[in-house]
Structures are given as C-alpha cells and as structure tokens.
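Welcome! Take a moment to look over the sequence and the 3D view, and then we can walk through one part of the fold together.

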Amino acid sequence: MTENGAQLFARLETRPCLKDIEPQLFPEGGGPNHGEVVELYGTEGTGKTEMLYHLLCRCVLPVATGGLEVDVVFVDTDYSLDMLRLVSILESRLNAADSDEAALRLCLSRLLVVHCSSSSQLLLTLYFLETSLSSRSGLALLLIDSISAFYWLDRCEGGASAIRQEEKLRKCAELLGRLLSDYRITVFTTCHAIKKVYNGPSSGSGSDRPYLCRPWQRLVTHRLLCSRQETNNMAASAGGSEEQSQRQVFTVHCTSSGSRTKAYRSSSFCVTDGGVKFI
C-alpha cells in the first residue's frame, strides 16, 4: 500500500496512550501500552461485553468527565452491540457532570461501528482500517467483540486440515500485528471460552486454556480471565444494602506479559444501570 506525505505523518505521529484506560483492571503501571493487545476471556455471561462498553465509554468521554477523548473502532462480529445500552451508560456519566445532548453527540462522533459476519469480512475490515488509521491520528483503540465468533465456522469450512481451519484467523492476526507495529494502536477483544479435551498431565479443566491459533496468541500481551461469582450474601453480611447483596458480582484475573516479567491483578465489579462499577 502506497501512502502520501500526509498519511506518513499521521502514521508516525504519536497516538494517545491508553495505559491508564482503567487502572483497576491492570497491575500497577502495567496497563496496555502502544501496540499491545488485551484479551477478555471467559464463558458467556461473565461481563466481557459490559466491560468493553465501560472501556469504550472511558475513551470517547471528554477529559472533563474523566474520559480520554480518543476515537474508537468497534468491530461487532457477534451482532450483539446494544446501542441503547451504550447510550444509556454515556448519558449516566455525562449527566453526572451536567453535560447536555451536544456532549453526547460529540462522544458518539468518536465511535465507528463495523459489523462482520465471517472471518473473510473481518480480514477485509482490517485491510480497510489502515485507511482510517492513516488519516486519523486520534484513533487509538480497536475493539473486537469477539475474535472467536467464527471459530466453529472456520473449522467446518477447513475440513480435516488444521492449517486450513486456522488460515483466515492467522491472516487476520498477521495483518493486525503489522497495524499494531505501524500505527501503534491498542486492541481490546473478547474471546468466548469453550470446553476442549486436552491430553497430558497439565491439561487442567480445558475451558481456561487458549485455543485460537498461535499467531493470535503471540499478539496477546494482557489476558483478562472473566468469571461470575456465585450469588451470596457477602454485601449484606458486610453491612451493605439488600440490593447490593442481590447484585451479580464478576471477577477479573489479569495476567500482563508486556514487560520482561509477568504481573498479576484481580478485581471485582458489578453491573449497574450506569455501567460497570468496581467493588
């Protein structure tokens, strides 16, 4: 792909760093840096998409309301993006700062939504994304919900050949790796956990083990293992209200390998009308 002088300047210009996108998720000082990938991994109903909405809102909100004021691309492969829910979260946070409808429109103008229904469409989307990255230095975050959406479809189309089964996602990972290197964006993506049978003494339960192709696994620098706590009366016993005791609590275990040594952190959150709330 050839580029003109303006595109070269946009590519080389420093993009906003998202290292402080959510300090409560990552080890101290260990948030995602330029060119890093964060994978939210877990079974259905463990708060992964709600956490993406939380991070998305944090990015598009103005600095005056605690946001980062950067542009975001949301790639919806599950066709599950709930715009009403997203707008509701934004309104809740803007209303707390006495902002008006114009502020909401400005936040939404920083968001570009793309829908994909196959790995081939995802690959084409990443190709065309380079044009946006070349012209918009404020575009700092790519969200994909989810990277594993076409896993079973690709396996079916690939037949008995493991290489053909992984071919499309491998190409996506290789292209994404180049975009990360050239344009220094940050990527957050969800990945659905599946049950697989592994042989060997270290197989474990199988549901927490990465299963996507190796090129993708090598891109991931931060892995957030999401789970749902059993409903209990912890909040009530600690002096919380009855509403708090009935609220579903989610846990995130973060493993960051962006530095020379791995770092870990665990946090808990619940989902309210106004979005994610850490506890």
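Let us begin with a pair of neighbours in this predicted model. Strand β7, covering residues 249–256, lies alongside strand β8, covering residues 263–272, and the two pair in the antiparallel sense over 8 bridges. You can follow this pairing residue by residue. Ser256 of β7 stands opposite Ala263 in β8. Elsewhere along the pair, Thr251 has Ser268 of β8 as its bridge partner.

Now move on along the chain. From β8, a hairpin leads to β9 through 2 residues. These two strands also pair in the antiparallel sense, here over 4 bridges. One spot to find in this pairing is Phe269, which stands opposite Phe278 in β9.

With these three strands in view, we can step back to the whole sheet. How many strands does the open sheet have, and in what order do they come? There are 9 strands, and their order is β3-β2-β4-β5-β1-β6-β7-β8-β9, with mixed pairing. The sheet's edge strands are β3, at residues 111–115, and β9, at residues 275–278; each of them pairs on one side only. From one strand to the next, the twist averages 25°.

So where does our starting pair sit? In the strand order, β7 stands between β6 and β8, while β8 stands between β7 and β9. The hairpin from β8 therefore brings you to β9, an edge strand of the sheet.

Definitions and conventions. Residues are numbered from 1 along each chain as its sequence is written. This is a predicted model: local features need pLDDT of at least 70, side-chain atom pairs count only at pLDDT 80 or more; totals for chains, interfaces and linings use all residues. Side-chain values use heavy atoms; hydrogens and water are left out. Two strands pair if DSSP finds at least two bridges between them. Axes are lines fitted to C-alpha atoms, for helices over the stretch in contact, and angles run from 0 to 180 degrees between N-to-C directions.
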